[in-house]
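Here are my notes on the model, set out as numbered points. They start with the enclosed spaces and then turn to the rest of the chain.

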Amino acid sequence: MRKFRIFVFVTLLIPAGQSPLLRRADAQASGPSSQSQQSQGVVSTAGAHPAVLDSEKRPITAGGFVDSGTIVFENIAEKAGLTKWHHVMGPQNKKFILETVGSGVGLLDYDNDGWLDIYFVNGSTYEALRGKASSPHAALFHNNHDGSFTNVTENAGVGNDRWGVGVAVGDYDNDGWPDIYVTNFGKNRLYHNNHDGTFTDVAERAGVALGGWSSGPTFGDYDGDGRLDLFVPGYVSYDLDHPPAPGSPQVAFSSCQFRGIDVMCGPRGLKGEPDHLFHNNGDGTFTEVSVKAGVGDANAYYGLTAIFADVNNDGKPDLIVANDSTPNYLYINKGNGSFEDASYPSGYALNENGRETASMGIAVGDYQNNGLVDLYNTTFSDDYNTLYRNAGGGNFDEISYRAGVAEVTIPFLGWGTGFLDFDNDGWLDLFVVNGHVYPEVDKSDWGTTFAQRALLFHNLLGKQFELVPAVKGSGLALPMTGRGAAFGDLFNDGKIDVVINQLDNAPALLRNVNPDKNHWIGLQLLGGPKSPRDAVGATVYATAEGTRHRADVLSGGSYASSNDQRVHFGLGASSTVDSIEIHWPSGRTEKIPSLKTDRYYRVEEGKGIVPGVYDAGK
């Protein structure tokens, strides 16, 4: 049952010259809050906050480390062979919004050997786009099964060579091999997996190349025909030859400032780019159905990340869109090929103060173990990240402060995020990747920095979260220009690792080295004839010692990224799973009896456990 909410907005008209935050020369602050800030790339609407410094008087975003304690993550990117690749996105001074959003990262087993490989999206340069310089390349790294990775991009044919932003992984043609959709500023790519270690870009032929500026995509079977459809959010309408300089026709303001300092403009004041939903025709082509399906984005909000997920437990994937500086979208699947826009009545459009946030990333997970997926959004600095607790029926309550994940995030500017059980205790924890968009902050006394450390919150039995201390020298004490982040078990040891794509930098690979001895179980799902072959959209419940855990097979999310599509359950001290219950996208429910833990299984719809690459030596 849908709850209906009433919001009352009070706008205080404060002359621009008196604003304690951003000053616009020719207009008052926009949006529902009089303390709105015009900021590049993302917008804080919460107001300026005092600096938070550590004991050594460093901004907390690049400080606050402890000398000793449990080390949860180690950055092994160099040892793994990833740091020879480097992300590039425009010049270092970040004069325009296009140069700051960074790119995503996707995890996929492209060669079906049972080990996760890594795909890094890359940006570009103006010179490359104009044909005056060679283009930076995206990178596909093959997992060598020994802790190292090999760059196979050239042979695989997935270099992109465009201004890349986001990635989603999905087997759109149900041939049993994962395909890669890459969004760009410019035309997008759909890399079809050729089953021999190579890919072919079929985006033009498939009808999903688009153009403009696309962001974080997602695959999902919204109409239940057993084929993955594709949703592509749009960000800003951007003209390379007429960039949004202050006072130009492309910008609504004569000046763009953040805390009194001139910065690049956007997204507020710029024209938005609409979203697109593509229906899979089953013949290798897609048809645009955005307006017909009710997700046409008539407001042209600034979409950054999207994900299909079943939020009301009716077996149909709903659609969640994190919008920058504008209300978020939550579309409830009606089951007839269309969606209901439940953004406001669900409680997801705004935060608990009735204010839109600059949302970038989305985490989806059942952190309370009550069978309902909750949502977490990352936002701009001087605002707090928002946790939306699922109240059932497609309704959400924003409880960030009560849950302990709000105040500490205010100095940080968040991007990639995910629910993960880092210690396998059976409760989903929360990870946040951070990094600012203004290089100018390093010259300020605002208490924030351009490179920022990640945040890890430990779940306290579904009631609250507690910040995990950043031990000096560990992966949590590494300031990063973080953007996209993907979560998955790269070493098949049952521990969830984090791969981070940094803006204008080499990537980070945070290997999970937490010393816990807890048990776990992982499942790779194969859908039957009436489900997507990769089972995207499936929901799995694992019951152990009286606790029923939930995990979903999803594509997209975080920030413009795509996670491990195997489902993973931390089980604490339990060495067996009492039962597994799978709700397949086809509508079929399948139960599997007791299983031993600490390993992966392959499960095929209608057949139960089937032999696979995870059986060697078992």
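1. Cavities. The count of cavities of 30 Å³ or more comes to five. The model is a predicted one, and that should be kept in mind for each point below. In the largest cavity there is about 600 Å³ of space. Its lining is made up of 35 residues, and V364, F419, L428, A551 and D552 are the closest to the centre.

2. Walls of the largest cavity. Five elements give two or more residues each to this lining: β20 (362-365), β24 (414-420), β28 (482-488), β33 (547-552) and β34 (567-572). By class, the lining of the largest cavity has 15 nonpolar, 14 polar and six charged residues.

3. Largest pocket. Among the open spaces, the largest pocket has a volume of about 430 Å³. It is lined by 22 residues, of which D109, N112, P178, Q524 and D534 are the closest to its centre. Two elements, β2 (105-108) and β31 (519-526), give two or more residues to the lining of this pocket. Of these, β31 gives the most, with three residues. The lining of the largest pocket divides into ten nonpolar, five polar and seven charged residues.

4. Second largest pocket. The volume here is about 220 Å³. The lining of the second largest pocket has 17 residues, and the closest to the centre are H49, P50, V52, I410 and P411. Ten residues of this lining are nonpolar, four are polar and three are charged.

5. Overall fold. The secondary structure of the chain comprises seven helices and 40 strands. Taken along the principal axes, the C-alpha atoms fill a box of roughly 70 × 55 × 50 Å. For 618 residues, a compact globule would have a radius of gyration near 25 Å; the chain has 22 Å, so the value agrees with that of such a globule.

6. Burial and contacts. Of the 618 residues of the chain, 64% count as buried. Where contacts join residues at least 6 apart in sequence, 62% of them join residues at least 24 apart.

7. Disulfide. How many disulfides does the structure hold? There is one, and it is formed by C256 and C265, with their sulfur atoms 2.0 Å apart. A disulfide is a covalent bond between the sulfur atoms of two cysteines. The link of C256 and C265 is right-handed, with 105° about the S-S bond. Is C256 buried or exposed? C256 has 1% relative accessibility and therefore counts as buried, because the cut-off for buried is under 20%. C265 also has 1% relative accessibility, so C265 counts as buried too.

8. S215. Where in the chain does S215 lie? S215 is in the loop between α4 (203-206) and β10 (218-220). The relative accessible area of S215 is 1%, so this loop residue is buried. With its neighbours within four places in sequence left aside, S215 is in contact with V165, G166, T183, P233, G234, Y235, G303 and L304.

Notes. Residues numbered from 1 in each chain as written. Predicted model: local features only at pLDDT ≥ 70, side-chain atom pairs only at ≥ 80, totals over all residues. Heavy atoms only, no water. Disulfide = S-S within 2.5 Å. Buried < 20%, exposed > 50% of the residue type's maximum accessible area, 1.4 Å probe, protein only. 1 Å grid on protein atoms, 1.4 Å probe; cavity = no way out; pocket = protein on both sides within 12 Å on 5 of 7 lines; lining within 4 Å. Points joined across faces, edges and corners; volume = space filled by probe spheres on them. Helix = DSSP H or I, 4+ residues; strand = E, 2+ residues; numbered from the N terminus. Nonpolar A, V, L, I, M, F, W, Y, C, P; charged D, E, K, R; others polar. Rg over C-alpha atoms; globule rule 2.2 N^0.38 Å. Contact = heavy atoms within 4.5 Å.
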